[in-house]
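Colleague: I am new to this structure and would like to learn how to read its features one at a time. Could you take me through them slowly?

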Number of protein chains: 2
Amino acid sequence: MKRIFDIKKPGVAAMEKARQRVNELAKPIGSLGLLEDYAVKLSGIFGKTNFPPMKKAIAVFAADNGVWDEGYTPVPQSVTALQAVNMTKGVTGVGVLAACVKADVFVYDMGIRGFKGMKGIEDRRVGDGTRNIAKEAAMELSQAMQAITHGIDAAEALADKGYRLLGCGEMGICNTATSSAVLCALTGASPEDVVGRGAGLTDEQLEQKRAVVRRALDIHKPDPDNTLEVLRTLGGFDIAAMAGFFIGCAYRQIPAVIDGFISAVAALAASRFNPVVTDYLFASHQSAEPGFQTAMQALNMEAPLKLGLRLGEGSGCPLMMHVLDSSAAMLQNMATFAEAKIDSSKLVDIGR
Amino acid sequence: MKRIFDIKKPGVAAMEKARQRVNELAKPIGSLGLLEDYAVKLSGIFGKTNFPPMKKAIAVFAADNGVWDEGYTPVPQSVTALQAVNMTKGVTGVGVLAACVKADVFVYDMGIRGFKGMKGIEDRRVGDGTRNIAKEAAMELSQAMQAITHGIDAAEALADKGYRLLGCGEMGICNTATSSAVLCALTGASPEDVVGRGAGLTDEQLEQKRAVVRRALDIHKPDPDNTLEVLRTLGGFDIAAMAGFFIGCAYRQIPAVIDGFISAVAALAASRFNPVVTDYLFASHQSAEPGFQTAMQALNMEAPLKLGLRLGEGSGCPLMMHVLDSSAAMLQNMATFAEAKIDSSKLVDIGR
């Protein structure tokens, strides 16, 4: 856990060098928009502008949530295990989209209820699912710390394997409810504003889900400044692990892509542990879940891809990874004005 | 030109089949958002759901504009030729980003002022640049028709070479002014609302540019329902060729990606010739040029990538091509509920 407080700031010199080169490229200044900002941010993270092609992976943390017992969702809890297994075959959303950017997918069992384990799913169980947050605290303090630590370790293990662009996702029926509760606790937002339909609840089920989140908040009333306590009382093992994963990426100075709503809530939790984490984060798509924008605002970030995705699994990460590859290619492969033999003095005084 | 009126509608049966499969995939219905809609649209265009991987190309139409003589821009006109040459080397924005999706870039000289031609740039000159729209009609009717025809031919030639996903872009100093004029004429929008800073004008230069566009509109007053006359009086050879290119893609039943502002105006012109063209079009990024949204609204489209790009050259197309590849992969490689062994009856009644 002490790694949380041992995260370096990105390299300012590399960022300045990157910004200068981006401004010298044969194009009006600023005309490649966020691709320019991403190139600068990546250079700061890697400490140099000529960083090599980024080997990619997506970590998916699967866990069950005791709040499923409240019965507001018609989705069977067994879907968590089934989809975790399907992920190892590459046939779920994240697997198919990850293949499009040659990203490898790693699946972690953080506590799938009743799951006995299988090859291809890493056993990081910290319990047989969480407890029902509408009645009691989701987990023990030791479990929360363990889940976060596992997330950090997962990022470190992928860093050791040579991955240099990471994303994370989750699988766990009812984890939009736990995420909503965590988000409300961290930001003071109300369940009315952030609780969404998740996998697709009816109006009535949505109302039940809101009531469940409200009850959980009323029972636990965690101190919003005590992130660990928020995760312990309201979180899922998946959210805690993802928060740890983002911390681990920052600790190892590796860029990390946020997926959708749950991922954004985990990123917010990570940034509450240590705000420097956000220097390593990239938002990807604007989740259709209503709480997503609340999380982004709290992170002071904006997601550039507006595709209406709300699947989770980390499925939005690969699309952003392509954007980041493109940004790196711009920085490293485009010609400067000088190289392109264009008199930049005619151009650089415009375009701001 | 008669190909304009000979465009087939996309295949309804293939679209229905695609939608059915998309709904059967192991995910909540609708949870992959626009990726689902794109998969359906692509299936309709290709007339089948199991279409092969899409070989990609971007056509860049370069031309000079007589309105440059008005002197509101500090950018030398010679930059059109220089950047066209740089494009053949793959070192400009579009070349570098296209390489990230393995898209080939083809450059066409539609009328670069004083350009003598070179290997790698296809000679499709219809004049030595247009005339100054603030004083006289940009071109003769025969030139407008020739430019459109060249655009259609370019799409057909790429179709013959086996390309199955096309985009187009442009290079031409002052072509945001001509595009703005065309857009105002086609939609009735005012220069105040649509004229932007292009490559990056100062406040004063922007005001001059607005006045120039206003004067051009006042002089020519083309009938908004006569698209050919709008292009003839206010257009550039590049815009006319791009309009033709979109028509050619639709004629050959190939999906075509819109880049930024100028590309969107050309797409709008194409759709005015024949509204079926839009069934073959995909918007990509939200250009930072203010007129872009006006063009999108007129097309009844929305661009999903919000990256602040305003370079042109077709540079936004490759980013969207990756999204479309991902959409096709989702359709073709994800498992259905049945294949994933999940009881869909527990899931399909939610998620709408």
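Modeller: Let us begin with the interface: 100% of the interface residues of chain A are also interface residues in chain B, so the copies meet through the same surface, where contact means heavy atoms within 4.5 Å. This is a predicted model, in which local features need pLDDT of at least 70 and side-chain atom pairs count only at pLDDT 80 or more, while totals for chains, interfaces and linings use all residues. Residues are numbered from 1 along each chain as its sequence is written, chains are lettered from A and ligands numbered from 1 in the order in which they are written, and side-chain values use heavy atoms, with hydrogens and water left out.

Colleague: How many residues does each chain bring to the contact, and what area is buried between them?

Modeller: Chain A gives 56 residues and chain B gives 56 residues. About 4600 Å² is buried between chain A and chain B, with 69% of that area from carbon and sulfur atoms; buried area is the accessible area (1.4 Å probe) that two parts lose on being put together, summed over both.

Colleague: What turn lays chain A on chain B?

Modeller: Two copies of a chain are related by a rotation about an axis and a shift along it. Here a turn of 180° with a shift of 0.0 Å along the axis lays chain A on chain B with an RMSD of 0.0 Å, the superposition being by least squares on the C-alpha atoms of residues with pLDDT of at least 70 in both. The two copies are thus related as by a two-fold rotation axis. Among the residues of chain A, A:Leu305 comes closest to that axis, with its C-alpha at 2.5 Å.

Colleague: How many salt bridges are there between chain A and chain B?

Modeller: Side chains of opposite charge can pair when their charged atoms come close. Between chain A and chain B the count is 2 salt bridges, each a side-chain nitrogen of Lys or Arg within 4 Å of a carboxyl oxygen of Asp or Glu. A salt bridge joins the side chains of A:Lys306 and B:Glu302, at 3.7 Å from N to O.

Colleague: Which rings form an edge-to-face pair?

Modeller: A pair of aromatic rings is described by the distance of the centres and the angle of the planes. Over all chains the structure holds 10 aromatic pairs, meaning rings of Phe, Tyr and Trp (its six-membered ring) with centres within 6.5 Å, where planes under 30 degrees apart count as stacked, over 60 as edge-to-face and the rest as tilted. The rings of A:Phe106 and A:Tyr163 have centres 5.6 Å apart and planes at 80°, so this pair is edge-to-face.
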